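Me: I'm new to this one, so could you walk me through it in plain words? Let's have it on screen before we start.

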Amino acid sequence: MSELLSGTAIRPWIERLLADGKRVAGPQRVHEDLVQYAWLTSADQLALDGFVRPSNSIKEVVFPRHEQLYGYQFKGKRIELLPAELPTKEQIVIGARPCDAAALPALDGVFNWDTQDEFYNRRRELTTVVTLACGAYDAHCFCTSVGLGPGDVRGSDALLIAVDDENYEVRCLTDKGRRLFAGVTTESSAVGRVMEGPPVQFDLDKLGAFLAGGYDNPAWQAAAMRCLGCAACAYTCPTCHCFDIVDEGGPSGGTRVRNWDACQFSMFTAHASGHNPRGNQGQRQRQRIYHKFQIYPEKFGALLCTGCGNCTRNCPAGLGVLPILKTIAPTP
Amino acid sequence: MQEELRQTCRRLLTDGTVQVVIGYGQAAADDRVVPVFITRPEDADQLVWNDRCFANLAKYLLRKEVAALGRAAICVKGCDQRALLVLEQESQIDRSQLTVIGLACDGVGEPRQAKCQSCDVHTPRQADITVGQASAGNPPATADGRYAEIEAFLKKTPAERMAYWKAELSRCVKCYACRQVCPMCYCRQCIVDKNRPVVISTSATLKGNFAWQITRAFHLAGRCVGCDECTRACPAGIDLRLLNLSLAKAAEENFSFRAGMDPAADPIIGAYSQQDHEEFIR
């Protein structure tokens, strides 16, 4: 037996969630040729098919691009700290891609490694992730090359799989998922089938060997020659999580905020002295690959890449993880 | 035309005229055309020319990693060449050290990009070598056509325009792809990167995004050549072209000036005249 959710029941159900005061995010068609995850104000905004994947990622629901950590006020010679309020609203992501959800356990590691990040953890607790198994892939997708697939359940609370044009099979995977779908689904004998993913496009063992001895390989600069040093890759990546902490305020006080930052900016590692330990783009691209495929794995035992392909899709120069890894670690 | 381009570049590399050709090549991983840097004559066959050659390669002349490859030849479309002229006028490139390969272009993208609809530089000007011939069938370009989109936009009420920009700029994540692809964004330290003190908030909030995009547009006034790379690069699909068009229109209407068109015309931001009708100039 399986649990079934009809396509026509999805929108009224989302309207009820919104009416209950929950924040609901999902893919939205922003322009004719652009789909992005965004907070929904109406269930009609949800787009579930007709595209491969949104051009951004769901990380923003747990790790917003801009977050106030606390406020401060100067009181004579004293400084008064004003704690920021932690979020309280339950939030649900509907129609997330498996390559987005799989990034969340990876982020959990980073945000709980040396300190427990209360903002991240609170948002994470408040978030239920409903993934939708992929119905298509494009030339930039490479989930199967990093051990994932179109129906992978990592980081997901419930997985939807299309049964036909009308219905989805709902596989609840966690208590959060079961709570969310309680009373919403109907029992059925119909079962969804997950499509096959894209062919494996690079060799992880070969990559490991290359990284072990390839730190000074000229391949890095050769690959990075066309990189222009923006953060379109990192900011649309489900797993990239670097941030900068800055104070915004005036003579009487202000706010300490956390903003996204990215390793492809030359400013990212620039020292106040003027020295930059990553002085060229080859070194910066090398860092991005090493972080995802060696540094993070050594520390947390998993890859920091889910194969979503957003880096390449969004790169004005067509670079990104896949083009680089296809060059340095090609499949036989 | 592609074969002619390859032959030309092979010759330039063989006879030592240049050490690198900055051009377009077919990506190995997918169907995209990407910038390539050809340094050996035998690799000239990697060069391609088709209507997916979107990038304005002029930006690469400003990158030190590319400059380190040596004397360069660069492939440009007509719109890209305008950027070269501005960079030359602003003393950012030494034109005498550069070989410019002009690629006759009937437009890029399917359907054609917005900028191509009103293009009047199908054949790049001031190129050292021109490859190919533009089709005689390209539509004639007029000032009306150039600014049709911004004129239509300006017919909206101020409230409607504000609502539009709020919705669009709310998606900006400050990845600075717009800045990084822009040939005119070459400041050694961008104003948004100044942090002692902070001039423009680094936050990708609505306020911070307005501050960034408005500042950038102003810095491009009378300088933007309309290559639309910022619009193409934006991962959030923000039509930055509209901002640039509005300033280009002002420059043409008030100063009869179009950036990168006339080598003899003084840049409007970089020159002044005693005859200026504003008092402050005297």
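Me: Which domains is chain B divided into?
Reply: First, some ground rules: residues count from 1 along each chain as its sequence is written, with chains lettered from A and ligands numbered from 1 in written order. This is a predicted model, where local features need pLDDT of at least 70 and side-chain atom pairs 80 or more, while totals for chains, interfaces and linings use all residues. Domain bounds come from an automatic or database assignment. Chain B splits into domain 1 (2-131) and domain 2 (143-255).

Me: Which helix gives the most to the side of domain 1 of chain B that touches domain 2 of chain B?
Reply: In chain B, 17 residues of domain 1 are in contact (C-beta atoms, placed from the backbone, within 7 Å) with 16 residues of domain 2. Helices here are DSSP runs of H or I, at least four residues, numbered from the N terminus. On that side of domain 1, α3 (78-89) and α4 (114-117) of chain B each supply at least two residues. The top giver, with six residues, is α3(B).

Me: How far apart are the end C-alpha atoms of helix α11 of chain B?
Reply: Helix α11 (residues 241-255) of chain B has 15 residues, and the expected span is 1.5 Å times one less than the residue number, so it should span 21 Å. The model agrees with that, its end C-alpha atoms being apart by 20 Å.

Me: What is the phi of B:Ser256 like, positive or negative?
Reply: B:Ser256 comes right after α11(B). Its phi is near 50°, so to speak on the side called positive.

Conventions
Two residues are in contact if their C-beta atoms, placed from the backbone, lie within 7 Å.
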